[in-house]
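Take a look at the protein shown here. This report goes through its metal sites and then its domains.

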Amino acid sequence: MEETLDTEITIEAPAHTVWAVLDNIARYPDWNPLVPELRGRTTVGKQVEGVLTREGMPTVPLKPTLTAIVGARELRWLSERPTPGEFRAEHYFLLEETGNGSTRLIHNEDFAGTFLEQVWEPINTLGRAAYEKMNVALKARAENYASEIPAIHPTADAGSYTSESLEGKTMRCGCAIAPVEVAINAPVYHNHLCGCSKCWKPENALLAMIAVVPAGNLEVIDGGEKLEAVEKDLKIVRYACRDCGSHMFGQVEDVDHHFFGLDFIHPELVDGPAPRLEFAGFVSSLVETGTEPARMSAIRARLSDLGIPFYDAFSPEIMDIIAWHKVKLAKS
Ligand SMILES: [Zn+2]
Ligand SMILES: [Zn+2]
């Protein structure tokens, strides 16, 4: 005997977001009424372990083998009784993008085996209701993530920039008393947001704000004794106030580095508005520093609304400059 339990639902969220909810099995206890517990590593060929709960049916232990994981598209696991031909159940989720920002979720299970005859009737009725309940819960959770309007950075959120370059202005660290003060004696360029794990950001910012000045134009005018290098062996060495933690500037020592000749600053340390934000770089790195993957679509949508192009490295303009720098180095 073979049967398929077939359910589906349309979710007003990108497949990326739906997947991020589905793939994060450690969070199933927070929302999943059908599989309220699932532990283990989500790797093809590995087993995960949990329970299956369906109203009106006994709660059963679940220890399936993951048979297919295609990020943002497909998840499958297989449960099988040891006796061949007795009972086999392949549970799967297919995510189809509809083209208008929503996702069609197909949530099915293919059953086969001699034992199925005894259990198909309750699976088809009570089981189906439980699957549909999970679909509704998944929809609610994914739509909640997708409708978030995340705070990006106070400067970006306010959307008010200065057309001045910040030349002649002074950066001050976060210390209320005796702050470190650094004068900017050249124009500031390429102001942008960065999601990497190294750039400093104030507590109320999701992404850091960074710009560059031609090297040799930053002048420590006060509190220099409080400045300390954060990680000396990085290509860009950041100098921070040891009292408040504000990063004051970053410098490049390697003459062959593509950013040699530039110093990095945080324009929010200057009083008043910052120059226009040209782009947001290394956005996907936010995931590495603790942002839930399910929030990422909403973060990108917000950047888009704010008119800030976003990339997972630098902007194409800067990536091309770096690539050309490598070509030049190889020739010299
Ligand atoms: Zn300070
Ligand atoms: Zn960065």
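Is Cys244 buried, partly exposed or exposed? Cys244 has a relative accessibility of 33%, so it counts as partly exposed. The cut-offs explain this: buried means under 20%, and exposed means over 50%. Keep in mind that this is a predicted model.

## The zinc ion with four cysteines

Cys244 is one of the protein donors of the zinc ion (ligand 1). The others are Cys173, Cys175 and Cys241. Each gives its SG atom, and the donors lie 2.3 to 2.4 Å from the zinc ion (ligand 1).

What is the arrangement of the four donor atoms around the zinc ion (ligand 1)? It is tetrahedral, because the donor atoms subtend angles of 106 to 114°. For comparison, the ideal angle for four tetrahedral donors is 109.5 degrees.

## Two parts of the chain meet

Along the sequence, the donor residues of the zinc ion (ligand 1) follow the spacing C-x1-C-x65-C-x2-C. Cys175 and Cys244 show how this links distant parts of the chain, as they are 69 residues apart. Cys175 sits in the loop between β9 (170–172) and β10 (181–184). Cys244 sits in the loop between β15 (236–241) and β16 (247–252).

How accessible is each of this pair? Cys175 has a relative accessible area of 14%, so it is buried. Cys244, at 33%, is partly exposed.

## The zinc ion with three cysteines

Now turn to the zinc ion (ligand 2). Which residues coordinate the zinc ion (ligand 2)? They are Cys194, Cys196 and Cys199, each through SG, at 2.2 Å. The spacing of these donor residues in sequence is C-x1-C-x2-C. Cys196 and Cys199 are buried.

## Two domains and their contact

The domain assignment gives domain 1 (2–146) and domain 2 (154–331). Taken over C-alpha atoms, the centres of domain 1 and domain 2 are 43 Å apart. Eight residues from domain 1 and eight residues from domain 2 take part in the contact.

About 610 Å² is buried between domain 1 and domain 2. Carbon and sulfur atoms give 54% of that area. On the side of domain 1, three residues stand out: His16, Ala20 and Tyr145. They supply 67% of the area that domain 1 buries against domain 2, more than any other three residues.

How many salt bridges are there between domain 1 and domain 2? The count is one. Arg27 forms a salt bridge with Glu292, and their closest N and O atoms are 3.2 Å apart.

Note on methods. Residues numbered from 1 in each chain as written. Chains lettered and ligands numbered in written order. Predicted model: local features only at pLDDT ≥ 70, side-chain atom pairs only at ≥ 80, totals over all residues. Heavy atoms only, no water. Donors = N, O, S within 2.8 Å, 3.2 Å for Na, K, Ca; no water. Buried < 20%, exposed > 50% of the residue type's maximum accessible area, 1.4 Å probe, protein only. Tetrahedral: all angles 85-135°; square planar, octahedral: opposite > 155°, others 65-115°. Helix = DSSP H or I, 4+ residues; strand = E, 2+ residues; numbered from the N terminus. Domains from an automatic or database assignment. Contact = heavy atoms within 4.5 Å. Buried area = accessible area lost by both parts, 1.4 Å probe. Salt bridge = Lys/Arg side-chain N within 4 Å of Asp/Glu carboxyl O.
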